[in-house]
Amino acid sequence: MTSSRRGPDGPLGGGLLVAGTTSDAGKSVVTAGICRWLIRKGVKVAPFKAQNMSLNSFVTREGAEIGRAQAMQAAAARVEPTALMNPVLLKPGGDRSSQIVLMGKPVGELSARGYHSGRQEQLFGTVTECLEELRRTHDAVICEGAGSPAEINLRRTDIVNMGIARAARLPVVVVGDIDRGGVFASFFGTTALLSREDQAHIAGYLVNKFRGDVTLLEPGLEMLRDLTGRPTVGVLPFAHGLGIDEEDGLRVSMRGAVRESVVAPPHGADVLRVAVCAVPLMSNFTDVDALASEPGVVVRFVDRAEELADADLVIVPGTRGTVRALAWLRERGLADALARRAAEGRPVLGICGGFQLLGERVEDEVESRAGVVEGLGLLPVRVRFAVEKTLARPVGEALGERVEGYEIHHGVAEVLAGEPFLDGCRVGAVWGTHWHGSLESDGFRRAFLRRVADAAGRAFVPAPDTSFAALREEQLDRLGDLIEEHADTDALLRLIEGGVPSGYPFIPPGAP
């Protein structure tokens, strides 16, 4: 794959921006699918997202924090994730403010108004430099947009959709989720709301999550082309179990306020039930994906005390608001329910922020600025929030098994007693650690589940051959298959190699 485009320091590889009609239209998985399809063709490809807003993040080997979606896309491209792939990460701390992570390091908190009033424009140079660097070192870079490119109230400060497309001269494919309905209106309206200059970059549409006979869709696709002058470059069928490491998704289904995983038949005679407390500002809830992949393990997200009653294991996950999560647990009676479980010797696992709030006290002058707050007192741990964030990729041993993880936290834990457990401790059936991702280590996960089954009196036996890494690879291959089998790959290659096509008509807002 070759390119005649040049940057300041040499040739630039091909590129494409995957935008969406809405948030959660499928941009992340489509980007990953294109990356996997390209790498299987021998194309050296990298993912890129200029600005990501997510509480699901990952630590690269050089100690940079990026969105987990970009780490997943890097895995799809079979390259090591780096900060270049997600130079700006916004981590919400409430309805009106976010922590800004620039090139993998936190640089402060800012309100949405403050961010869009100048800071975003200041970051644009960094964003374009990162993209140029990736394009100099790869045959192709597949970029992911954010939200919708038709958020016209934010267009002036946009650095992730049409702003980066215009600056880098990228063709844009717009993804629409037909399962939500209204996909034709969304495609047309998204295009029509853009300026003439932005519309020039819109090269086609991609329908996601289609169910049924695609021939019934074809008249609509032809009408869309007549109206916009742009082709549809693929109709991807609805596929279960592909929401891996998305910004806000998990491979679970909604049941009212409860999310529950789809469980494979158990390997032994019984199942294990895992309840995850859906704390406010929940972060890195992808930690429980590995549990949900185990045959016979049911994972559900809960927000009421009575929902803990039949759980064999309760997980208190990470959160960007430890103090706020403490108050929420107390208000809902979940704190008392956790205390009863601990007294009865029923397993509880706290991860990162969840580990912190299980301790005796939290001293926070950084995140909430609430000062000293009493914890749940289930672990002999005292936590003090430091200004500097810990970002690490630790390796260790627990329950006789090798464990890998990653750390993302301001809280520094002083462990006063208990049995050592990774960087935290264990007292009775209550376990706590800052390590995200530890349950992805297969041997450790099986050993931990055996402990949980014994404590719960369940005849549950972990499957001896479940490989979480292999399951991830299978999912990424399925994404690549979707692109290869259901997208116009010749058209996609022409766009990636050839840049912005010319001759598409301008559609004024309100056009018939």
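How many bridges join β9 to strand β10, residues 105-111? The count is 6, and these two strands run antiparallel. Before I continue, please note that this is a predicted model, in which local features need pLDDT of at least 70, side-chain atom pairs count only at pLDDT 80 or more, and totals for chains, interfaces and linings use all residues. Residues are numbered from 1 along each chain as its sequence is written, and side-chain values use heavy atoms, with hydrogens and water left out.

As to terms, strands are DSSP runs of E with at least two residues, numbered from the N terminus. Two strands pair if DSSP finds at least two bridges between them.

I begin with the hairpin. β9 and β10 are separated by 2 residues, and methionine 103 in the turn has a positive phi of about 50°. Leucine 102 stands opposite lysine 105 in β10. On the other side of the discussion is strand β8, residues 88-92, which pairs with β9, residues 97-102, in the antiparallel sense over 5 bridges. There, lysine 91 stands opposite glutamine 99.

I turn now to strand β12, residues 172-177. Here 6 of the 6 residues are buried (under 20% relative accessible area, 1.4 Å probe, protein chains only), so β12 is largely enclosed by the rest of the structure. In a regular strand the side chains alternate between the two faces of the sheet. In β12, Val172, Val174 and Gly176 point one way, while Val173, Val175 and Asp177 point the other way.

β12 has parallel partners. Strand β3, residues 14-20, is joined to β12 by 4 bridges, with glycine 20 partnered by valine 175. Strand β13, residues 202-210, is joined to β12 by 6 bridges, and valine 172 has isoleucine 202 as its bridge partner there.

Conventions:
Buried means under 20% relative accessible area, exposed over 50%, partly exposed in between (1.4 Å probe, protein chains only).
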